[in-house]
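Work through the exercises below with the sequence and the structure in view, and try each task before you read its solution.

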Amino acid sequence: MKANAYRPQTWYEGIERCQQRNEAYVLVTVVGTAGSAPREAGSKMVVTADTAIDTIGGGHLEYDAIKRARELLSKGQASTHLHSYPLSSSLGQCCGGAVKVLFDVCNMHQQHIAVFGAGHVAKALIPILAQLPVRISWIDNRDALFPESLPANVSKVVEDEPETEIPHLADESWLIVLTHDHQLDYRITEKALHYPSLPFIGLIGSDTKAKRFTTKLAHRGFGKEDLARLYTPIGNPDVPGKLPIEVAVSISAQLIERLHQQKENQQDKAQTTRLRNMNEEKEYLHDTK
């Protein structure tokens, strides 16, 4: 069950919702028409990984546009693409005209964080993390523990067996395991380690708990490369204290540092790509002289 049940109806409400939730989306715009077309130029819709908001005319045109938008989202890069659609039998449309559709991929690189547990530490942690450019899934099997209202970028998930949510997490999601039950902590951790696409599994607890878990996991066949993704005890050791807010600040400090490292890596990668493209262009110009 998810919090924030409001459903936007128009494309501009969709953009506002995606911005509030730090959710990636594609703005799909009809930029030109010829002949008969379902909607006029300027018609827009917003497409996310699981929702389509507003319409550019329905039918096979819209179906293909949604499919194309989600393919672009899956690439994980901000981009702009223009595509021409003849409204003929090949598309299953009988209008006889044509439309040009612009796809703007927006709000990418928003880190997804899955927080397991809704106890005291999690309640102190969520308000801090929600102020960062991230999307958060807050997962527990006890509905009554969640606050009545949540930040826009936090989705509540009530699941009797929280570990079953792990296969549904997006690649590159970060996990924070803070449940009330050591056995549940272990089940979540072990399940997550089966997915190499999850690079950060942060587990709360003492050094003793950490050693016990890693020893048991090693006996279960997890190697050094697997266990390198397990960060336990979670948190920045430079932040002392055991109060819920102190632990929450420690965890936040660790994640903020990781977010900045991620941003620097993305910038370095983008710079490398730009330099490569410049070199390829220079080589092309040289060869054509």
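The exercises that follow concern a predicted model, and they move from a sheet to the nonpolar residues.

**Exercise 1.** Find the order of the six strands in the open sheet, and say which strands lie at its edges.

*Solution.* Start with the order of the strands, which is 8-7-6-9-10-11, with parallel pairing. Next, look for strands that pair on one side only: these are strand 8 (154–158) and strand 11 (230–231), the edge strands. Finally, take one pair inside this order as an example: strand 6 and strand 7 pair in the parallel sense over six bridges, and His112 stands opposite Arg135 in strand 7.

**Exercise 2.** Describe the largest nonpolar core, and name the elements that give two or more residues to this core.

*Solution.* The core has 27 residues, of which Val115, Trp138, Ile176 and Ile251 touch the most other members. The elements that give two or more residues are strand 6 (111–116), helix 3 (120–129), strand 7 (134–140), strand 9 (174–177) and helix 7. Helix 3 gives the most, with six residues. As a last step, follow Ile176, whose contacts beyond four places in sequence include Ile113, Leu125, Ile234 and Leu255.

**Exercise 3.** Decide whether Ile245 is buried, partly exposed or exposed.

*Solution.* First locate Ile245, which is in helix 7 (residues 244–287). Its relative accessible area is 45%; because buried means under 20% and exposed means over 50%, Ile245 counts as partly exposed. Together with Leu243 and Val249, Ile245 forms a nonpolar patch on the surface, with about 260 Å² of accessible area together.

Definitions and conventions
Residues numbered from 1 in each chain as written. Predicted model: local features only at pLDDT ≥ 70, side-chain atom pairs only at ≥ 80, totals over all residues. Heavy atoms only, no water. Patch = residues over 30% accessible without salt bridge, like charges linked within 9 Å, V, L, I, M, F, W, Y side chains within 5 Å. Areas by Shrake-Rupley, 256 points an atom, 1.4 Å probe, with all protein chains shown as cover. Salt bridge = Lys/Arg side-chain N within 4 Å of Asp/Glu carboxyl O. Helix = DSSP H or I, 4+ residues; strand = E, 2+ residues; numbered from the N terminus. Buried < 20%, exposed > 50% of the residue type's maximum accessible area, 1.4 Å probe, protein only. Core = buried A, V, L, I, M, F, W, Y, C linked by side-chain atoms within 4.5 Å. Contact = heavy atoms within 4.5 Å. Pairing = 2+ DSSP bridges.
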